[in-house]
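Reader: I would like a close look at one part of this protein, the surroundings of its internal cavity. Please go through the helices that line it, and then set that part beside the other features worth checking at the bench.

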Amino acid sequence: MLAYIWQYVYTSYLRYWLKWLIRQATGTCELQRICSGYKPGATRTTKTEYSLESSKSKLLRGALECSQETLEQCVDQIMKEKRVKVQINPLFKESLHTSLLQITGYKSLYMSVEDTRKEVFCSDSQQHEAMLLKLWELLMPNVELESRVTKQWGDIGFQGDDPKTDFRGMGMLGLINLLFFSQNYTEEARMVLSHANHPKLGYSYAIVGINLTEMAYSLLKSGALKAHFYNTVPGAPQLQHFHQFYCYLAFEFDKFWIAEEPESIMLFNQYREKFHNVVQTHLKDPDVSLTLSSM
């Protein structure tokens, strides 16, 4: 309770006067001090984001919602309001522009991921069917698929004879992630599949992959991936960066599962939660950058 009261008093009153006093002493605004005091990455961008959303200025708060097309204009308006001169602070404009690109880009990425998740796998779509068949070809290059609907799909970890039923929760996002991993990290994906087919430590490769897609999606939605993307992408993160994070999860979960040696696949949820906690701990590090460490 006391912590909540202190937070309210600080953000509502004390923070404003503290900022004013520091500006009088240094001749620079908070955004200038952030942009010059921190290297590019999560710390600078998250502090910029907090400064803007906590500002009493409607213009500064609105900067968090500007589009990429109006970003440069928005930066110019902020510099004008804060009386920042380019001649004196030549790097400020570029630094603020990069941070805003990352902040607004994260929000755009979430919307793109959400749209993909809502897209339903359709058997009548030639594109969807081609992607599914490509997944099989990449993972099982020496085995011909007997028919579109077959028990063979179980060999790569689908539950039924027709994989489309397994995509209901994550939609096309689940398939695209599985395919992205197989296309861009083919050897790693095949190795993970071989582990998934282990007689004792095996698990359903595709089903677990879709489950990890849900993990990545939830982390993105909660904002937990901000530091990772702010450190990894020097601009607006795109869908491919989300898919690359999924690849990290798929590869690292496989290593985690093997190292833990679960007694039964029935304990999957327990180990999934444990792995989730490990990932969340990594994501709390301001210098975090989770990329796939290949073989």
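Author: What follows starts at the cavity, moves along the helices around it, and ends with a pocket and the cysteines.

The model is predicted. The search for cavities of 30 Å³ or more comes to a count of one, and the volume of this largest cavity is about 60 Å³. Its lining is made up of L178, F181, V192, Y203, Y205, V208, G209, L212, Y246, A250, F253 and D254. Three elements give two or more residues to that lining: α8 (171-184), α10 (205-222) and α12. By class, 10 residues of the lining are nonpolar, one is polar and one is charged. Gly is counted among the polar residues and Asp among the charged ones, so G209 is the polar member of the lining and D254 the charged one.

Take α10 to begin with. This helix has 18 residues, and the distance from its first C-alpha to its last is 26 Å, close to the 26 Å expected at 1.5 Å a residue. Its buried residues are Y205, A206, V208, G209, I210, L212, T213, M215, A216, Y217, L219 and L220. Among them, Y205, V208, G209 and L212 also belong to the lining of the cavity. After the helix comes G223, with a positive phi near 90 degrees.

α12 covers residues 239-260. It has 22 residues and reaches 31 Å from first C-alpha to last, close to the 32 Å expected at 1.5 Å a residue. One residue of this helix, W257, deserves a separate word. W257 has a relative accessible area of 2%, under the 20% cut-off, and is therefore buried. What does W257 touch, beyond its neighbours within four places in sequence? The contacts are L201, G202, Y203, P262, S264, I265, F268 and Y271. Of these, Y203 is also one of the residues that line the cavity. G202 is 55 residues from W257 in sequence, yet the two C-alpha atoms are 9.2 Å apart in space.

Just past α12 is E261, which has a positive phi near 50 degrees and is a residue other than glycine. Most residues other than glycine have a negative phi. E261 is found in the loop between α12 and α13 (268-283). Its relative accessibility is 54%, which is over 50%, so E261 counts as exposed. R83 is a second non-glycine residue with a positive phi, in this case about 55 degrees. R83 is found in the loop between α5 (71-81) and α6, and its relative accessible area of 63% makes it exposed.

On α8, the residue to look at is F180. F180 is buried, with a relative accessible area of 15%. Leaving out residues up to four places away in sequence, F180 touches Y185, Q240, H243, Q244 and C247. Q240, H243, Q244 and C247 fall within the 239-260 range of α12, so these contacts of F180 join α8 to α12. L135 is 45 residues from F180 in sequence, and the C-alpha atoms of the two are 9.0 Å apart.

Now the pocket. The second largest pocket has a volume of about 190 Å³. Its lining consists of Q32, C35, S36, P40, R44, N89, P90, L91, F92, E94, S95 and T98. α2 (30-37) and α6 (92-118) each supply at least two of these residues, and α6 gives the largest share, four residues. The lining divides into five nonpolar, five polar and two charged residues.

C35, one of the lining residues, leads to the cysteines. How many disulfides does a search of the whole structure find? The result is zero. For C35, the nearest cysteine sulfur is that of C29, 8.1 Å away. C35 is also buried, at a relative accessible area of 7%. For C74, the closest cysteine sulfur is in C66, at 4.1 Å, which is too far for a bond because a disulfide needs the two sulfur atoms within 2.5 Å. C74 likewise counts as buried, at 6% relative accessibility.

Terms used:
Residues numbered from 1 in each chain as written. Predicted model: local features only at pLDDT ≥ 70, side-chain atom pairs only at ≥ 80, totals over all residues. Heavy atoms only, no water. 1 Å grid on protein atoms, 1.4 Å probe; cavity = no way out; pocket = protein on both sides within 12 Å on 5 of 7 lines; lining within 4 Å. Points joined across faces, edges and corners; volume = space filled by probe spheres on them. Expected span 1.5 Å × (residues − 1). Buried < 20%, exposed > 50% of the residue type's maximum accessible area, 1.4 Å probe, protein only. Contact = heavy atoms within 4.5 Å.
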